[in-house]
Amino acid sequence: MSKKLMIDFLGYTLASPLVLPAGIMGISSGSLARAANCGAGLLTTKSLSLKPRKGHNNPVTACFEGGMINAMGLCNPGIKEGLEEVRDFKKRIESPVIASVFGTSPEEFYELASYVNKSKADFIELNLSCPNVLDEFGVPLSASKDSVYKIVKSVKSVSERPVIAKLSPNVLSIKEIAMAAQNAGADALSMINSLGPGMLIDIKLKRPVLANKFGGVSGPCLKPVAQKLIYEASSCVKIPIIGMGGVISGKDVIEIKMAGATLAGIGAGVFYRGIEIFKKVNREIVKFLNEAGYENIGEVKKIK
Amino acid sequence: MKEKRFTLKIMDVIYENEKTITFIFKHKIKSGPGQFIMLSDLENGEKPFSISSCDGSSFGVTMKIVGEFTGKLSALKPGDMVSIRGPYGSTFTIPEGKRCLITGGGCGVPPLFFLAGRLIERNNTVTAVTGFKTGSEAMCVNEFEKTGIRPVIMTDDGSLGARGTVLDAMRDILKKERPDMIYAAGPEIMLKKVMDASDGIPCEILVERYMKCAIGICGQCAMDPIGLRVCVEGPVLNKRAVGLLSEFGAYRRDASGAKEFFCGATH
């Protein structure tokens, strides 16, 4: 990969600014390996919980003109098995890995972080923002600055890994939430999780398309929302941001970096342009850097 | 890429046997043998089903009634509607003027019937072996015969055709003739044995994995160690691809993503 794509993030030098976000592909060591080989510089596992979860019934995804909705329902084999996948991945590939974890209380997140300490994962990401388990767990934790603060604080008291807080777009003040995460000691933010949730209806069967009725909105339609929220959050925190939401091209990566992100996640884009999207976008970034006269991706800074 | 979802009326329901039904849809789709659709009533679930027939104006899917969801589907009648996405996945290679051996076990048989039709259209000589637990579970026998192929039928209990397995019949055939191409669909352990017995002959098999999104993003059906997605790069895989998969014949993953080891597999 081109040296121009290399970028520093929390003490690591990544081969590319592109991140495989939580929930995309990453259920197995093979999946993580595939994304790494396709050009992602940093890989995130599916969100792991203390106990295994089967997730929601099918259908779990549905597309519309502007993007897609999904309600996977946090399916995962549990933190122990999930981290074994990271171990198997690390036997073959050196790329850094974020262990995404999902709990319902500061105590659960503390316990999850203790598992991650003993694993091969390089970072821990706190999924505070899944929009698809409202029936089960109520409003996402990242809707309240107090719960964000408490959970990040609790994890920071035990974690030997840098802590990334994944935030929801569905909040009144992203600044408050981002500040709460930073004040509690978060090392980075990851944003945005999917929007909504939303709903799609089959007019012939007269039923919601998703079994869960509602599902988080992702894809191209998310881009302006993501850029605005990242722009706002990065205006008030100093910690780096993994930006995501509608990134499907090299130009989108530049845009989200100009909004204030350090790295860029690609999720729904895997559907639109195939798993090779990471390679394609890496190439597009290099082309942009060359044409616009940047030495490397690190030189693309937040706009005013 | 665009998602291909449509809501269709079931035109006909064919009862293949006590536990197997075929839905026929009057709708033109562009599909090759081996591909699958995701079918849902938007009420009780959604699962992948191989396409078992496809011509200019209609297509069919054949399913074994095994659980709660397929149980609900079996109550549907002509005129009822279902939601369909697809077709998805890879297709079997259709050569021209070759000798082809088709081997199918149980639920693996219907997509092979679709394959047989396409092979015959291109002047291939087709020998088919189908295997079932027992005669009452046999399917597609008449359909095969309509295409002019007389399938060798094997049953575990000898209640229909000869007693024995698909492998037994395949080994007998390979002693007498050497096909140019072998195709297989059925239980994974059978597929592995067919590959092992194929003796240097090109071979394509149809692999099954638990599916969720079917559009290549959720990772549920990705196979270790290379993350091959059965919904996109599969379900039809050749020997070379299978050779890269340590997971094949060893384990699959349940809805949570946990490994489930196959009975008798070494791990």
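Two strands are said to pair if DSSP finds at least two bridges between them. With that in mind, good morning, and let me turn to the structure, which is a predicted model.

I begin with chain B. Its strands 10, 9, 8, 7, 11, 12 and 15, in that order, make up an open sheet of seven strands with mixed pairing. At the edges lie strand 10, residues 162-163, and strand 15, residues 236-238, and each of these pairs on one side only.

Consider one of these edges in detail. Strand 15 of chain B runs antiparallel to strand 12, residues 203-206, and three bridges join the two. Which residue of strand 15 is the bridge partner of E204(B)? The partner is N238(B).

Helices also lie across strands of this chain. Helix 2 of chain B, residues 109-121, lies across strands 7, 8, 11 and 12, and runs at about 165° to strand 7. Helix 4 of chain B, residues 166-176, lies across strands 7, 8 and 9, with an angle of about 150° to strand 8.

I now move to chain A and a pair of helices. Two packed helices are described by the angle between their axes and the distance between the axes. For helix 8 of chain A, residues 250-258, and helix 10 of chain A, residues 277-292, the angle is about 65° and the axes are 7 Å apart. Angles of 65 to 115 degrees count as roughly perpendicular, and helices 8 and 10 of chain A are therefore roughly perpendicular to each other.

Which residues meet here? From helix 8 come G250(A), K251(A), V253(A) and I254(A), and from helix 10 come V281(A), E284(A), I285(A), K287(A) and F288(A). Five residues of this contact are nonpolar, one is polar and three are charged.

How values were computed
Residues are numbered from 1 along each chain as its sequence is written. Chains are lettered from A and ligands numbered from 1 in the order in which they are written. This is a predicted model: local features need pLDDT of at least 70, side-chain atom pairs count only at pLDDT 80 or more; totals for chains, interfaces and linings use all residues. Axes are lines fitted to C-alpha atoms, for helices over the stretch in contact, and angles run from 0 to 180 degrees between N-to-C directions. Helices (H or I, at least four residues) and strands (E, at least two) are DSSP runs, numbered from the N terminus. Angles under 35 degrees count as roughly parallel, over 145 as roughly antiparallel, 65 to 115 as roughly perpendicular and the rest as oblique. Two residues are in contact if their C-beta atoms, placed from the backbone, lie within 7 Å. Ala, Val, Leu, Ile, Met, Phe, Trp, Tyr, Cys and Pro count as nonpolar, Asp, Glu, Lys and Arg as charged, and the others, Gly among them, as polar.
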